[in-house]
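Subject: Structure for your review

Dear colleague,

Please find below the sequence and structure that I am handing over to you. My findings follow, arranged by topic.

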Amino acid sequence: MFAPLAFLANMASEAMLIVASPAQQPLSSGALQRHDRFYDVQAHRGGRGNTVENTLPSFAWGLIDGASTLELDNGITKDGYVVVWHDEEITSAKCQDTHPAFPGDPEYPYVGKYIANLTLAQIRTIDCGSKRQHGYPMQLTYPGTRISTLQEVFEFVECADPARQVLWNIESKIDARYPNRTLGVSDFVQKQHEIFNSSPYKRSITYQSFDWRTIIAMKELDSSITTSALIDDETAFNPDNSTTPWLAGLRLDSFPGPSVAQQVAQAAHSIGADILSPAASSFETPAADPEMEGYVPFTTKMMIDTAHQLGLLVKPWTVNRMNIVEQLLEWKADGIISDYPNVVRRLAKHRGLPVAPKFPKQRVLSCLQEHLSKQVVRRIPVGDKIAYQYL
């Protein structure tokens, strides 16, 4: 078994190898062919570096910037609504309370609470568009913007994308370590699939998760859904060498390898995933960039080559440095997930790769205004108090 430190050493030595690239086998899954038209530049959380994340404005600017895929996250509320948000809880770093959903609500304030413990009506009141993240100083804010349901995001993008050209990469945010913090595998798979199945975008959706149980369950429910296996140092191993809860009971050391990179690809293949989506860099790398001494990637050329031999696409995340983008392009990664899709798209185009066209700015912003207007809250007098209704 490779513990995390051994993994780090393994990846460091592997990154120094010069390996002849094996011939890539043709992809057998027809569902994957739709990804072949353009190089897949994915707007992570809509393009977190440019606009407040996982909001209608972020997806609008992802379209305007020419992302081929909108990447986003799903949580599920206490009353069963699928919402678009990354974190298990509503954090004060990203959101702020405005008012209770109804007079005297004992759950108010809502910031600091888990999505699974809040109703949609409560979540509707929270402003998640006013706070610029310190790590993203160029981020556009949209004060007053609310968390949207997945259905609302689809409806907005359908307005901006009437030809249904954009692709989707949608993650189930389940914490395999703490099952009481989110709803369970069955809840996510059933509720997300219900929305996928009713959407004109169904054939354009990739379903991704760190919790590989959801990938297996989604494939069992609907084999036509393209699935993507997320993985990084923290989900691949447990520090005490016990079996990680993230990989559906699998242990990487049970696969032939011989390297960890090969075992990662083999494990993703074993669960029927169509795409392997690894972290680009090891979380334990002492340097942030391939041009810096000591840099350790998580995604390696050997990992990509092995995945390709097994018929998987490889789309690493979250790639926000040009030297890493260039390295992954040289290693033939099939797509790149970035907080700056506009920058990655520009580099891909510069290197002669086909890139998705940008969506018309005027049309996208007109649709954004229309759909943000639906997030207006109406004040309703109730005796000597005020109730609020989300329109």
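**The largest pocket**

The lining of the largest pocket consists of 11 nonpolar, 9 polar and 16 charged residues. Please bear in mind throughout that this is a predicted model. The pocket itself holds about 740 Å³ of space. Its lining comprises 36 residues, and those closest to the centre are His-86, Lys-173, Phe-210, Asp-232 and Glu-234. Four elements each give two or more residues to this lining: E2, strand E4 (167-172), strand E5 (205-209) and helix H7 (233-236). The largest share, 3 residues, is that of H7.

**The chain as a whole**

The protein chain contains 12 helices and 11 strands. Of its 391 residues, 56% are buried. Among contacts with a separation of 6 or more, 66% are between residues 24 or more positions apart.

**The nonpolar cores**

Which residues have the most contacts inside the largest nonpolar core? They are Trp-212, Ile-231, Leu-252, Val-264, Leu-276, Leu-328 and Ile-336, in a core of 48 residues. The elements that contribute two or more residues to this core are helix H6 (212-221), strand E6 (226-231), helix H8 (260-270), helix H9 (301-309), helix H10 (322-330), strand E9 (335-338) and helix H11 (341-350). H8 provides the largest share, with 6 residues. A second core, separate from this one, has 37 residues, including Leu-56, Ile-174, Phe-188 and Phe-196.

Leu-328 serves as an example of the contacts made by one residue of the largest core. Apart from neighbours within four places in sequence, Leu-328 is in contact with Ala-280, Thr-299, Ile-304, Pro-316, Val-319, Ala-333 and Ile-336.

**Helix H6**

Trp-212 also appears among the buried residues of H6, together with Thr-214, Ile-215, Met-218 and Lys-219. Viewed down the axis of H6, these buried residues fall within an arc of 155°, so they line one face of the helix. A general point helps in reading this arrangement. An α-helix has 3.6 residues a turn, so residues three or four places apart point the same way. The buried residues of H6 pack against E4, helix H5 (185-198), E5, E6 and H8.

**An exposed lysine**

Is Lys-78 buried or exposed? Its relative accessible area is 56%, and since a residue counts as exposed over 50%, Lys-78 is exposed. Lys-78 lies in the loop between strand E2 (69-76) and strand E3 (82-84). Leaving out residues up to four places away in sequence, Lys-78 touches Ile-115, Ala-116, Asn-117, Leu-118 and Thr-119. Lys-78 and Ala-116 are 38 residues apart along the chain, yet their C-alpha atoms are separated by 4.7 Å.

**Backbone details**

Two peptide bonds before proline deserve attention. The bond from Tyr-108 to Pro-109 is cis, with omega near 5°, and Pro-109 is placed in the loop between E3 and helix H3 (120-124). The bond from Gly-257 to Pro-258 is also cis, with omega near 15°, and Pro-258 is in the loop between H7 and H8.

Positive phi values should be noted as well. Asn-54 is not a glycine, but its phi is positive, at about 55°. Asn-54 sits in the loop between strand E1 (40-43) and helix H2 (56-64). With a relative accessibility of 1%, Asn-54 counts as buried, because the cut-off is under 20%. Ala-248, likewise a residue other than glycine, has a positive phi near 55°. Ala-248 is located in the loop between H7 and H8 and, at 31% relative accessibility, counts as partly exposed.

**Cavities**

How many cavities of 30 Å³ or more does a search of the whole structure find? The search finds 3. The largest cavity has a volume of about 60 Å³. Among the residues that line it are Gly-75, Ile-76, Ile-115, Ala-116, Lys-173 and Phe-188. By class, this lining has 5 nonpolar, 2 polar and 4 charged residues.

The second largest cavity has a volume of about 50 Å³. Its lining is formed by Val-52, Glu-53, Trp-85, Lys-94, Cys-128, Lys-131, Gln-133 and Gln-139. These divide into 3 nonpolar, 2 polar and 3 charged residues.

Yours sincerely

How values were computed: Residues are numbered from 1 along each chain as its sequence is written. This is a predicted model: local features need pLDDT of at least 70, side-chain atom pairs count only at pLDDT 80 or more; totals for chains, interfaces and linings use all residues. Side-chain values use heavy atoms; hydrogens and water are left out. A nonpolar core is a set of buried Ala, Val, Leu, Ile, Met, Phe, Trp, Tyr and Cys residues joined through side-chain atoms within 4.5 Å. Buried means under 20% relative accessible area, exposed over 50%, partly exposed in between (1.4 Å probe, protein chains only). Contact means heavy atoms within 4.5 Å. On a 1 Å grid over the protein atoms alone, a cavity is a set of points where a 1.4 Å probe fits but cannot get out, and a pocket is an open set with protein on both sides within 12 Å along at least five of seven lines; lining residues have an atom within 4 Å of a point. Grid points are joined across faces, edges and corners, and a volume is the space filled by probe spheres set on the points. Ala, Val, Leu, Ile, Met, Phe, Trp, Tyr, Cys and Pro count as nonpolar, Asp, Glu, Lys and Arg as charged, and the others, Gly among them, as polar. The arc is that of the directions from the helix axis to the C-beta atoms.
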